[in-house]
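Work through the exercises below with the sequence and the model open. Each task is followed by a solution in steps.

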Amino acid sequence: MNSPFVRAAAESLAKRARSALAIDPAAPAGPTAIDFCFTAALSRSPSDAERTRFAALLTAREQAAAGDGPGLQAALGDVCHLILCLNEFVYVD
């Protein structure tokens, strides 16, 4: 879950989301990016509870980045990392 491979995959997913949604690297990603990342990684939309929790995390991480471009990218990368570590992604039914 915390391997360099998973982190690299999370950062790649974050970059893909920013590119696909045409999000400026110096701007916050927002909840649309969360929806995109859930769909790309899990082939489903987040539930309302998931959207709320992940949006709160993304907002907190983006505020901590204080407008720093690489920090904003890392914030979305952190959210993507959590998506890739959800049980339904890790375990096959």
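**Exercise 1: Salt bridges of Asp78**

In this predicted model, the side chains of Asp78 and Arg7 form a salt bridge, with N and O 2.9 Å apart. Task: state which helices hold Asp78 and Arg7, and how many residues apart in sequence the joined parts are.

Step 1. Asp78 belongs to helix α4 and Arg7 to helix α1.
Step 2. The pair therefore ties together parts that are 71 residues apart in sequence.
Step 3. Asp78 also meets the side chain of Arg61 in a salt bridge, at 2.4 Å from N to O.
Step 4. Arg61 lies in helix α3, so this pair links parts 17 residues apart in sequence.
Step 5. Through shared partners, salt bridges join Arg7, Glu11, Arg61 and Asp78 into one network.
Step 6. Arg61 is partly exposed, its relative accessible area being 31%.

**Exercise 2: A bridge from a loop**

Task: find the salt-bridge partner of Arg44 and say where each of the two residues lies.

Step 1. The partner is Glu88, and the closest N and O atoms are 2.7 Å apart.
Step 2. Arg44 sits in the loop between α2 and α3, and Glu88 in helix α5 (residues 87-90), so the bridge ties together parts 44 residues apart in sequence.
Step 3. Partly exposed covers the range between 20% and 50% relative accessible area. Arg44, at 25%, therefore counts as partly exposed, and so does Glu88, at 43%.
Step 4. In total, the structure holds seven salt bridges.

**Exercise 3: The nonpolar core**

Task: name the residues that touch the most other members of the largest nonpolar core, and list the contacts of Cys37 beyond its sequence neighbours.

Step 1. The core has 22 residues, and those touching the most other members are Cys37, Leu58, Leu76, Cys80 and Ile83.
Step 2. At least two residues of this core come from each of α1, α2, α3 and α4 (69-84).
Step 3. With neighbours within four places in sequence set aside, Cys37 contacts Leu13, Ala17, Leu76, Cys80 and Ile83.
Step 4. In soluble globular proteins, nonpolar side chains tend to be buried together.

**Exercise 4: Positive phi**

Task: for Ala22 and Ser43, give phi and the location, and decide whether each is buried or exposed.

Step 1. Ala22 has a phi near 55 degrees, which is positive although the residue is not glycine. Ala22 lies in the loop between α1 (4-20) and α2 (31-42).
Step 2. Ser43, likewise not a glycine, has a positive phi near 60 degrees. Ser43 is placed in the loop between α2 and α3 (48-65).
Step 3. Exposed means over 50% relative accessible area. Ala22, at 67%, is therefore exposed, and Ser43, at 66%, is exposed.

Conventions. Residues are numbered from 1 along each chain as its sequence is written. This is a predicted model: local features need pLDDT of at least 70, side-chain atom pairs count only at pLDDT 80 or more; totals for chains, interfaces and linings use all residues. Side-chain values use heavy atoms; hydrogens and water are left out. Helices (H or I, at least four residues) and strands (E, at least two) are DSSP runs, numbered from the N terminus. Buried means under 20% relative accessible area, exposed over 50%, partly exposed in between (1.4 Å probe, protein chains only). A nonpolar core is a set of buried Ala, Val, Leu, Ile, Met, Phe, Trp, Tyr and Cys residues joined through side-chain atoms within 4.5 Å. Contact means heavy atoms within 4.5 Å. A salt bridge is a side-chain nitrogen of Lys or Arg within 4 Å of a carboxyl oxygen of Asp or Glu.
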